[in-house]
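Visitor: Hi, can we go through this one together?
Guide: Sure, let's pull it up.
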Amino acid sequence: MGGGVSEATSALPGPVPVGILDLAVATGHHVLDLDDLAAHNGVDPAKYHVGLGQDAFSVPAPDEDIVTMGAAAALPLIERHGVEGIRTVLFATESGVDQSKSAAVVAHGLLGLPSTVRAVELKQACYGGTAALVAALGIVARDPRERVLVIASDVARYDLDSAAEPTQGAGAVAFLVGAHPELVEIEPASGLFSADVDDFWRPNDRSTALVDGRLSVTAYVDALLGSWDDLAARGGPAPHEIDRWLHHQPFTKMALKAHRAWGKHAGAETSDDDLATGFTYNRRTGNSYTASVFLALAALLDLDDDLDGRRLALFSYGSGSVGELLTGIVKPGYRTLRRTDAGSVAATLDARTPIAVGDYRALHASHSGPGSASSLDRENPRVTTGPFRFAGVTGGARRYERTA
Ligand code: CAA
(Lines give C-alpha, C1' and ligand atoms only; values in the text may rest on other atoms or scores of the structure.)
Protein backbone atom coordinates (compact mmCIF):
# COMPACT_ATOMS: atom_id res chain seq x y z
CA MET A 1 0.00 0.00 0.00
CA GLY A 2 1.45 3.38 -1.02
CA GLY A 3 2.18 6.09 1.53
CA GLY A 4 -0.64 8.50 2.41
CA VAL A 5 -3.48 5.94 2.38
CA SER A 6 -4.70 5.66 5.94
CA GLU A 7 -5.50 2.35 7.54
CA ALA A 8 -9.13 3.49 7.95
CA THR A 9 -9.70 3.94 4.20
CA SER A 10 -7.55 1.05 3.01
CA ALA A 11 -9.65 -1.32 5.15
CA LEU A 12 -12.95 -0.47 3.38
CA PRO A 13 -14.98 -3.60 2.60
CA GLY A 14 -16.15 -4.36 -0.98
CA PRO A 15 -19.63 -3.71 -2.46
CA VAL A 16 -22.49 -4.81 -0.21
CA PRO A 17 -26.30 -4.69 -0.51
CA VAL A 18 -27.65 -1.32 0.64
CA GLY A 19 -31.12 -0.12 1.50
CA ILE A 20 -33.61 0.69 4.24
CA LEU A 21 -32.95 -0.84 7.68
CA ASP A 22 -36.01 0.53 9.45
CA LEU A 23 -38.57 3.33 9.12
CA ALA A 24 -41.06 5.19 11.31
CA VAL A 25 -43.89 7.67 10.86
CA ALA A 26 -45.24 10.79 12.62
CA THR A 27 -47.94 13.31 11.76
CA GLY A 28 -49.72 16.42 13.04
CA HIS A 29 -51.78 16.73 16.23
CA HIS A 30 -55.11 17.52 14.56
CA VAL A 31 -57.19 15.91 11.82
CA LEU A 32 -59.74 17.60 9.58
CA ASP A 33 -62.41 15.28 8.24
CA LEU A 34 -63.07 16.00 4.55
CA ASP A 35 -66.81 15.45 5.16
CA ASP A 36 -66.68 18.60 7.31
CA LEU A 37 -64.75 20.55 4.66
CA ALA A 38 -67.20 19.36 1.98
CA ALA A 39 -70.14 20.57 4.11
CA HIS A 40 -68.42 23.94 4.63
CA ASN A 41 -67.68 24.25 0.90
CA GLY A 42 -71.13 23.03 -0.19
CA VAL A 43 -69.52 20.20 -2.17
CA ASP A 44 -70.65 16.57 -2.51
CA PRO A 45 -68.27 14.66 -0.14
CA ALA A 46 -67.90 12.00 -2.88
CA LYS A 47 -65.88 14.53 -4.85
CA TYR A 48 -63.21 14.33 -2.16
CA HIS A 49 -63.52 10.65 -1.20
CA VAL A 50 -63.94 9.24 -4.73
CA GLY A 51 -62.94 12.06 -7.10
CA LEU A 52 -59.68 12.89 -5.26
CA GLY A 53 -59.37 9.68 -3.21
CA GLN A 54 -58.83 11.45 0.13
CA ASP A 55 -60.73 11.08 3.43
CA ALA A 56 -59.04 13.52 5.83
CA PHE A 57 -55.88 15.54 6.37
CA SER A 58 -53.55 16.16 9.29
CA VAL A 59 -53.24 19.70 10.64
CA PRO A 60 -50.21 20.52 12.82
CA ALA A 61 -50.81 22.25 16.16
CA PRO A 62 -49.36 25.77 16.63
CA ASP A 63 -46.40 24.20 18.49
CA GLU A 64 -45.65 21.67 15.73
CA ASP A 65 -43.83 22.02 12.43
CA ILE A 66 -41.64 19.98 10.09
CA VAL A 67 -38.88 19.80 12.71
CA THR A 68 -41.06 18.44 15.53
CA MET A 69 -42.77 15.92 13.22
CA GLY A 70 -39.46 14.87 11.65
CA ALA A 71 -37.71 14.42 15.00
CA ALA A 72 -40.76 12.52 16.33
CA ALA A 73 -40.54 10.13 13.37
CA ALA A 74 -36.79 9.64 13.88
CA LEU A 75 -36.91 9.11 17.66
CA PRO A 76 -38.08 5.45 17.60
CA LEU A 77 -35.32 4.62 15.10
CA ILE A 78 -32.68 6.02 17.45
CA GLU A 79 -34.30 4.18 20.37
CA ARG A 80 -34.31 0.89 18.43
CA HIS A 81 -30.90 1.11 16.75
CA GLY A 82 -28.83 3.61 18.71
CA VAL A 83 -26.60 6.13 16.97
CA GLU A 84 -23.73 3.80 16.07
CA GLY A 85 -22.60 4.24 12.49
CA ILE A 86 -24.70 7.36 11.90
CA ARG A 87 -22.44 10.02 10.38
CA THR A 88 -25.06 11.81 8.26
CA VAL A 89 -28.58 13.13 8.81
CA LEU A 90 -30.40 14.31 5.69
CA PHE A 91 -33.62 16.31 6.12
CA ALA A 92 -35.83 16.58 3.03
CA THR A 93 -38.62 19.13 2.95
CA GLU A 94 -40.55 21.50 0.73
CA SER A 95 -41.80 23.46 3.74
CA GLY A 96 -38.49 24.52 5.30
CA VAL A 97 -38.62 26.88 8.29
CA ASP A 98 -35.36 28.77 7.70
CA GLN A 99 -33.62 30.03 4.57
CA SER A 100 -30.15 29.20 5.92
CA LYS A 101 -30.04 26.87 8.93
CA SER A 102 -31.07 23.35 8.01
CA ALA A 103 -33.87 21.52 9.79
CA ALA A 104 -31.37 18.65 9.91
CA VAL A 105 -29.16 20.54 12.37
CA VAL A 106 -32.11 21.24 14.66
CA ALA A 107 -33.30 17.61 14.49
CA HIS A 108 -29.70 16.51 15.14
CA GLY A 109 -29.74 18.48 18.40
CA LEU A 110 -33.20 17.33 19.50
CA LEU A 111 -32.25 13.69 18.88
CA GLY A 112 -28.95 13.98 20.74
CA LEU A 113 -26.86 12.81 17.79
CA PRO A 114 -23.08 12.97 18.17
CA SER A 115 -21.12 15.99 16.88
CA THR A 116 -19.45 13.67 14.34
CA VAL A 117 -22.56 13.73 12.14
CA ARG A 118 -23.02 15.96 9.07
CA ALA A 119 -26.47 17.54 8.83
CA VAL A 120 -28.00 18.89 5.60
CA GLU A 121 -31.43 19.89 4.23
CA LEU A 122 -32.48 18.94 0.70
CA LYS A 123 -35.11 20.55 -1.54
CA GLN A 124 -36.81 19.70 -4.82
CA ALA A 125 -40.53 19.84 -3.95
CA CYS A 126 -41.84 16.36 -3.12
CA TYR A 127 -38.82 14.61 -4.67
CA GLY A 128 -36.44 15.67 -1.88
CA GLY A 129 -36.97 12.53 0.24
CA THR A 130 -35.94 10.30 -2.63
CA ALA A 131 -32.95 12.54 -3.41
CA ALA A 132 -31.95 12.01 0.22
CA LEU A 133 -32.40 8.24 -0.09
CA VAL A 134 -30.23 8.10 -3.22
CA ALA A 135 -27.54 10.29 -1.59
CA ALA A 136 -27.66 8.03 1.47
CA LEU A 137 -27.22 4.91 -0.66
CA GLY A 138 -24.12 6.50 -2.20
CA ILE A 139 -22.67 7.36 1.21
CA VAL A 140 -23.20 3.81 2.46
CA ALA A 141 -21.83 2.27 -0.75
CA ARG A 142 -18.70 4.38 -0.22
CA ASP A 143 -18.29 3.11 3.33
CA PRO A 144 -20.70 0.34 4.36
CA ARG A 145 -19.86 0.85 8.03
CA GLU A 146 -21.81 4.11 7.93
CA ARG A 147 -25.53 4.60 8.41
CA VAL A 148 -27.55 7.58 7.23
CA LEU A 149 -30.63 8.92 9.01
CA VAL A 150 -33.07 10.31 6.44
CA ILE A 151 -35.98 12.47 7.57
CA ALA A 152 -38.70 13.53 5.14
CA SER A 153 -41.20 15.94 6.71
CA ASP A 154 -43.68 18.39 5.26
CA VAL A 155 -46.75 20.51 5.84
CA ALA A 156 -48.73 20.83 2.58
CA ARG A 157 -50.51 24.15 2.73
CA TYR A 158 -52.59 25.67 -0.08
CA ASP A 159 -54.79 28.78 0.04
CA LEU A 160 -58.11 28.58 1.87
CA ASP A 161 -61.03 28.21 -0.56
CA SER A 162 -58.73 27.16 -3.42
CA ALA A 163 -59.32 24.02 -5.53
CA ALA A 164 -56.22 22.49 -3.96
CA GLU A 165 -57.40 23.05 -0.34
CA PRO A 166 -58.77 19.49 0.14
CA THR A 167 -55.39 18.07 -0.94
CA GLN A 168 -53.45 19.58 1.98
CA GLY A 169 -51.88 17.44 4.70
CA ALA A 170 -48.90 16.88 6.96
CA GLY A 171 -46.60 14.05 7.92
CA ALA A 172 -43.08 12.78 8.36
CA VAL A 173 -41.28 9.53 7.68
CA ALA A 174 -37.78 8.80 8.97
CA PHE A 175 -35.68 5.88 7.81
CA LEU A 176 -32.24 4.48 8.41
CA VAL A 177 -30.17 3.62 5.34
CA GLY A 178 -27.35 1.14 5.68
CA ALA A 179 -25.65 -2.01 4.47
CA HIS A 180 -27.34 -5.42 4.66
CA PRO A 181 -30.80 -3.84 5.10
CA GLU A 182 -33.45 -5.73 7.03
CA LEU A 183 -36.45 -4.11 5.31
CA VAL A 184 -35.84 -3.25 1.65
CA GLU A 185 -32.72 -3.65 -0.47
CA ILE A 186 -32.65 -0.93 -3.13
CA GLU A 187 -31.51 -2.15 -6.55
CA PRO A 188 -28.72 -0.22 -8.31
CA ALA A 189 -30.55 0.95 -11.46
CA SER A 190 -33.08 3.78 -11.35
CA GLY A 191 -34.99 5.73 -13.99
CA LEU A 192 -34.84 9.54 -14.10
CA PHE A 193 -36.88 12.32 -15.72
CA SER A 194 -36.44 16.06 -15.17
CA ALA A 195 -38.25 18.89 -16.97
CA ASP A 196 -38.60 22.59 -16.08
CA VAL A 197 -42.37 23.06 -15.66
CA ASP A 198 -44.45 25.45 -13.52
CA ASP A 199 -47.01 23.00 -12.13
CA PHE A 200 -46.36 23.77 -8.44
CA TRP A 201 -44.01 26.19 -6.74
CA ARG A 202 -43.76 28.38 -3.66
CA PRO A 203 -42.04 31.78 -3.86
CA ASN A 204 -39.96 32.77 -0.82
CA ASP A 205 -42.57 35.22 0.48
CA ARG A 206 -45.41 32.68 0.54
CA SER A 207 -46.41 30.07 3.12
CA THR A 208 -48.87 28.46 0.70
CA ALA A 209 -47.97 26.79 -2.58
CA LEU A 210 -49.08 28.00 -5.98
CA VAL A 211 -50.30 25.14 -8.11
CA ASP A 212 -51.69 24.48 -11.55
CA GLY A 213 -53.42 21.28 -10.49
CA ARG A 214 -54.34 20.03 -13.95
CA LEU A 215 -50.84 20.69 -15.34
CA SER A 216 -49.43 18.85 -12.32
CA VAL A 217 -51.39 15.73 -13.30
CA THR A 218 -49.95 15.66 -16.83
CA ALA A 219 -46.44 16.61 -15.62
CA TYR A 220 -46.60 13.76 -13.08
CA VAL A 221 -47.65 11.25 -15.74
CA ASP A 222 -44.91 12.49 -18.12
CA ALA A 223 -42.34 12.04 -15.34
CA LEU A 224 -43.51 8.49 -14.56
CA LEU A 225 -43.44 7.40 -18.20
CA GLY A 226 -40.09 9.12 -18.80
CA SER A 227 -38.61 7.50 -15.69
CA TRP A 228 -39.96 4.11 -16.76
CA ASP A 229 -38.38 4.44 -20.21
CA ASP A 230 -35.05 5.47 -18.67
CA LEU A 231 -35.12 2.55 -16.24
CA ALA A 232 -35.95 0.15 -19.07
CA ALA A 233 -33.03 1.54 -21.12
CA ARG A 234 -30.75 0.89 -18.14
CA GLY A 235 -31.74 -2.77 -17.89
CA GLY A 236 -34.55 -2.39 -15.35
CA PRO A 237 -37.18 -5.06 -14.72
CA ALA A 238 -39.98 -5.95 -17.16
CA PRO A 239 -43.53 -5.02 -16.03
CA HIS A 240 -44.28 -8.60 -14.94
CA GLU A 241 -41.18 -8.62 -12.74
CA ILE A 242 -42.63 -5.88 -10.51
CA ASP A 243 -44.82 -7.22 -7.69
CA ARG A 244 -46.03 -3.99 -6.05
CA TRP A 245 -46.18 -0.32 -7.03
CA LEU A 246 -45.80 2.68 -4.73
CA HIS A 247 -46.27 6.26 -5.90
CA HIS A 248 -45.97 9.76 -4.57
CA GLN A 249 -49.55 10.68 -3.62
CA PRO A 250 -50.49 14.40 -3.76
CA PHE A 251 -53.96 12.87 -3.66
CA THR A 252 -54.39 9.18 -4.25
CA LYS A 253 -56.41 9.61 -7.45
CA MET A 254 -53.31 11.22 -9.02
CA ALA A 255 -51.35 8.01 -8.42
CA LEU A 256 -54.19 5.95 -9.92
CA LYS A 257 -54.26 8.10 -13.07
CA ALA A 258 -50.51 7.73 -13.47
CA HIS A 259 -50.61 3.97 -12.85
CA ARG A 260 -53.30 3.52 -15.51
CA ALA A 261 -51.23 5.60 -17.97
CA TRP A 262 -48.13 3.50 -17.18
CA GLY A 263 -50.10 0.30 -17.87
CA LYS A 264 -51.06 1.54 -21.35
CA HIS A 265 -47.53 2.82 -22.02
CA ALA A 266 -45.75 -0.35 -20.89
CA GLY A 267 -48.36 -2.78 -22.27
CA ALA A 268 -49.09 -4.07 -18.76
CA GLU A 269 -52.43 -5.03 -17.29
CA THR A 270 -53.25 -2.85 -14.27
CA SER A 271 -56.03 -2.73 -11.73
CA ASP A 272 -56.88 0.13 -9.37
CA ASP A 273 -56.66 -2.45 -6.55
CA ASP A 274 -52.89 -2.69 -7.23
CA LEU A 275 -52.34 0.50 -5.27
CA ALA A 276 -55.06 0.33 -2.59
CA THR A 277 -52.91 -0.91 0.34
CA GLY A 278 -50.27 1.77 -0.25
CA PHE A 279 -53.01 4.42 -0.14
CA THR A 280 -54.17 3.49 3.37
CA TYR A 281 -52.20 6.06 5.38
CA ASN A 282 -52.06 8.84 2.76
CA ARG A 283 -55.86 8.89 2.47
CA ARG A 284 -55.89 9.86 6.16
CA THR A 285 -52.90 12.25 6.41
CA GLY A 286 -53.32 14.06 3.10
CA ASN A 287 -50.30 15.14 1.09
CA SER A 288 -47.06 14.95 3.05
CA TYR A 289 -44.93 15.98 0.03
CA THR A 290 -41.42 14.49 0.59
CA ALA A 291 -42.77 11.85 3.00
CA SER A 292 -45.71 10.75 0.87
CA VAL A 293 -44.14 7.88 -1.09
CA PHE A 294 -42.45 6.58 2.06
CA LEU A 295 -45.76 6.71 3.91
CA ALA A 296 -47.04 4.47 1.12
CA LEU A 297 -44.06 2.16 1.72
CA ALA A 298 -44.84 2.07 5.45
CA ALA A 299 -48.45 1.14 4.72
CA LEU A 300 -47.44 -1.65 2.37
CA LEU A 301 -44.89 -3.11 4.81
CA ASP A 302 -47.42 -2.88 7.67
CA LEU A 303 -50.47 -4.24 5.89
CA ASP A 304 -49.33 -6.63 3.14
CA ASP A 305 -48.30 -10.01 4.57
CA ASP A 306 -47.00 -11.44 1.31
CA LEU A 307 -43.93 -9.36 0.52
CA ASP A 308 -41.01 -11.73 1.26
CA GLY A 309 -38.59 -11.37 -1.65
CA ARG A 310 -41.07 -9.27 -3.65
CA ARG A 311 -39.89 -6.48 -5.94
CA LEU A 312 -41.34 -3.03 -5.28
CA ALA A 313 -41.35 -0.15 -7.75
CA LEU A 314 -41.24 3.19 -5.97
CA PHE A 315 -42.05 6.29 -8.02
CA SER A 316 -41.15 9.66 -6.62
CA TYR A 317 -42.33 12.93 -8.19
CA GLY A 318 -41.41 16.46 -7.23
CA SER A 319 -43.15 19.26 -9.06
CA GLY A 320 -41.07 21.57 -11.07
CA SER A 321 -40.17 18.73 -11.94
CA VAL A 322 -38.05 15.69 -11.14
CA GLY A 323 -39.19 12.07 -11.23
CA GLU A 324 -37.26 8.98 -10.19
CA LEU A 325 -38.30 5.35 -10.34
CA LEU A 326 -36.45 3.04 -7.96
CA THR A 327 -36.91 -0.65 -7.39
CA GLY A 328 -36.21 -2.66 -4.26
CA ILE A 329 -36.55 -6.16 -2.89
CA VAL A 330 -38.37 -6.70 0.42
CA LYS A 331 -36.29 -8.77 2.80
CA PRO A 332 -37.73 -11.89 4.40
CA GLY A 333 -38.40 -11.07 8.02
CA TYR A 334 -39.82 -7.59 7.32
CA ARG A 335 -43.03 -8.65 9.06
CA THR A 336 -41.27 -9.33 12.35
CA LEU A 337 -39.58 -5.93 12.22
CA ARG A 338 -42.71 -3.97 11.26
CA ARG A 339 -44.97 -5.89 13.63
CA THR A 340 -42.87 -5.18 16.73
CA ASP A 341 -44.97 -2.08 17.26
CA ALA A 342 -47.97 -3.51 15.47
CA GLY A 343 -50.58 -1.01 14.49
CA SER A 344 -48.52 1.95 15.69
CA VAL A 345 -49.16 4.08 12.60
CA ALA A 346 -52.87 3.34 12.70
CA ALA A 347 -52.87 4.17 16.42
CA THR A 348 -51.04 7.45 15.74
CA LEU A 349 -53.62 8.39 13.11
CA ASP A 350 -56.52 7.34 15.35
CA ALA A 351 -55.12 9.40 18.23
CA ARG A 352 -55.25 12.74 16.36
CA THR A 353 -57.62 15.33 17.78
CA PRO A 354 -60.40 16.33 15.36
CA ILE A 355 -60.46 20.01 14.49
CA ALA A 356 -63.55 21.96 13.45
CA VAL A 357 -63.47 23.79 10.12
CA GLY A 358 -63.60 27.22 11.80
CA ASP A 359 -60.62 26.42 14.06
CA TYR A 360 -58.68 24.95 11.13
CA ARG A 361 -59.31 28.10 9.08
CA ALA A 362 -58.11 30.32 11.95
CA LEU A 363 -54.97 28.21 12.37
CA HIS A 364 -54.34 28.30 8.62
CA ALA A 365 -54.77 32.09 8.52
CA SER A 366 -52.29 32.48 11.40
CA HIS A 367 -49.54 31.20 9.05
CA SER A 368 -50.19 33.70 6.28
CA GLY A 369 -52.28 36.54 7.75
CA PRO A 370 -51.20 39.83 9.35
CA GLY A 371 -48.60 39.38 12.11
CA SER A 372 -47.77 35.87 10.97
CA ALA A 373 -44.10 36.51 10.07
CA SER A 374 -42.22 33.46 11.29
CA SER A 375 -39.38 35.51 12.80
CA LEU A 376 -41.62 37.50 15.20
CA ASP A 377 -40.84 36.75 18.86
CA ARG A 378 -43.60 34.78 20.56
CA GLU A 379 -44.52 31.92 22.93
CA ASN A 380 -46.52 29.17 21.24
CA PRO A 381 -49.47 27.64 23.10
CA ARG A 382 -48.80 24.17 24.53
CA VAL A 383 -50.95 21.83 22.42
CA THR A 384 -48.97 18.94 20.95
CA THR A 385 -48.77 15.58 22.70
CA GLY A 386 -45.76 14.60 20.59
CA PRO A 387 -42.23 14.12 21.98
CA PHE A 388 -40.99 17.53 20.74
CA ARG A 389 -42.53 20.96 20.51
CA PHE A 390 -41.84 24.25 18.78
CA ALA A 391 -41.92 26.42 21.93
CA GLY A 392 -41.64 29.83 20.32
CA VAL A 393 -39.31 32.42 18.83
CA THR A 394 -36.75 34.50 20.73
CA GLY A 395 -34.57 37.09 19.03
CA GLY A 396 -35.81 35.73 15.72
CA ALA A 397 -34.55 32.20 16.49
CA ARG A 398 -36.94 29.27 16.75
CA ARG A 399 -36.84 27.41 20.08
CA TYR A 400 -37.64 23.71 20.32
CA GLU A 401 -37.93 21.46 23.34
CA ARG A 402 -38.41 17.83 24.32
CA THR A 403 -41.79 17.38 25.99
CA ALA A 404 -41.17 14.08 27.74
N1 CAA B 1 -68.52 12.23 -7.03
C2 CAA B 1 -67.42 11.59 -7.48
N3 CAA B 1 -66.42 12.23 -8.16
C4 CAA B 1 -66.55 13.55 -8.37
C5 CAA B 1 -67.68 14.27 -7.93
C6 CAA B 1 -68.70 13.55 -7.22
N7 CAA B 1 -69.80 14.17 -6.76
N8 CAA B 1 -67.52 15.57 -8.27
C9 CAA B 1 -66.32 15.65 -8.93
N10 CAA B 1 -65.75 14.43 -8.98
C11 CAA B 1 -64.44 14.08 -9.56
C12 CAA B 1 -64.17 14.72 -10.91
O13 CAA B 1 -64.77 14.01 -11.96
C14 CAA B 1 -62.66 14.65 -10.92
O15 CAA B 1 -62.24 13.33 -11.22
P16 CAA B 1 -61.34 13.06 -12.52
O17 CAA B 1 -60.14 13.94 -12.38
O18 CAA B 1 -61.00 11.62 -12.41
O19 CAA B 1 -62.18 13.43 -13.69
C20 CAA B 1 -62.28 14.87 -9.46
O21 CAA B 1 -63.47 14.61 -8.70
C22 CAA B 1 -61.81 16.28 -9.15
O23 CAA B 1 -62.78 17.15 -9.65
P24 CAA B 1 -62.32 18.53 -10.34
O25 CAA B 1 -61.26 18.26 -11.36
O26 CAA B 1 -63.52 19.26 -10.77
O27 CAA B 1 -61.70 19.22 -9.05
P28 CAA B 1 -61.09 20.65 -8.88
O29 CAA B 1 -60.86 21.34 -10.14
O30 CAA B 1 -61.88 21.34 -7.84
O31 CAA B 1 -59.64 20.34 -8.20
C32 CAA B 1 -57.41 19.49 -8.44
C33 CAA B 1 -58.90 19.17 -8.45
C34 CAA B 1 -57.06 20.34 -9.67
C35 CAA B 1 -56.62 18.20 -8.47
C36 CAA B 1 -57.07 20.30 -7.16
O37 CAA B 1 -57.47 19.59 -6.01
C38 CAA B 1 -55.58 20.60 -7.02
O39 CAA B 1 -55.06 21.48 -7.67
N40 CAA B 1 -54.89 19.88 -6.10
C41 CAA B 1 -53.45 20.04 -5.90
C42 CAA B 1 -52.72 19.17 -6.87
C43 CAA B 1 -51.28 19.05 -6.49
O44 CAA B 1 -50.92 18.91 -5.35
N45 CAA B 1 -50.39 19.12 -7.47
C46 CAA B 1 -49.00 18.99 -7.19
C47 CAA B 1 -48.64 17.59 -7.44
S48 CAA B 1 -47.04 17.08 -6.91
C49 CAA B 1 -46.96 17.55 -5.33
O50 CAA B 1 -47.38 16.88 -4.44
C51 CAA B 1 -46.27 18.82 -5.12
C52 CAA B 1 -44.83 18.65 -4.85
O53 CAA B 1 -44.02 18.16 -5.62
C54 CAA B 1 -44.36 19.17 -3.52
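Visitor: Why does the ligand lie between domain 1 and domain 2?
Guide: Domain 1 (15-182 + 337-402) and domain 2 (185-336) both give residues to the shell around the ligand, so the ligand lies between them. Those bounds come from an automatic or database domain assignment. Note that this is a predicted model: local features need pLDDT of at least 70, side-chain atom pairs count only at pLDDT 80 or more, and totals for chains, interfaces and linings use all residues. Residues are numbered from 1 along each chain as its sequence is written, and side-chain values use heavy atoms, with hydrogens and water left out.
Visitor: Which residues come nearest to the ligand?
Guide: Lys47, Cys126, Arg214, Lys257 and Ser319, out of 27 around the ligand. Being near takes a heavy atom within 4 Å.
Visitor: What classes are in that shell?
Guide: There are 14 nonpolar, eight polar and five charged residues. Ala, Val, Leu, Ile, Met, Phe, Trp, Tyr, Cys and Pro count as nonpolar, Asp, Glu, Lys and Arg as charged, and the others, Gly among them, as polar.
Visitor: Which element gives the most to the shell?
Guide: α3, with four residues. Helices (H or I, at least four residues) are DSSP runs, numbered from the N terminus.
Visitor: New topic. Which polar contacts does the ligand make, say with Ser319?
Guide: A backbone N or O atom of Ser319 is 2.8 Å from a ligand oxygen. Ala163 also uses a backbone N or O atom, 3.0 Å from an oxygen of the ligand. A polar contact here is a pair of N or O atoms within 3.5 Å.
Visitor: What about Asp44?
Guide: An N or O atom in the Asp44 side chain lies 3.0 Å from a ligand nitrogen.

Key: A polar contact is a pair of N or O atoms within 3.5 Å; within protein, one must be able to donate a hydrogen and the other to accept it, and residues adjacent in sequence count only if both atoms are side-chain atoms. Helices (H or I, at least four residues) and strands (E, at least two) are DSSP runs, numbered from the N terminus.
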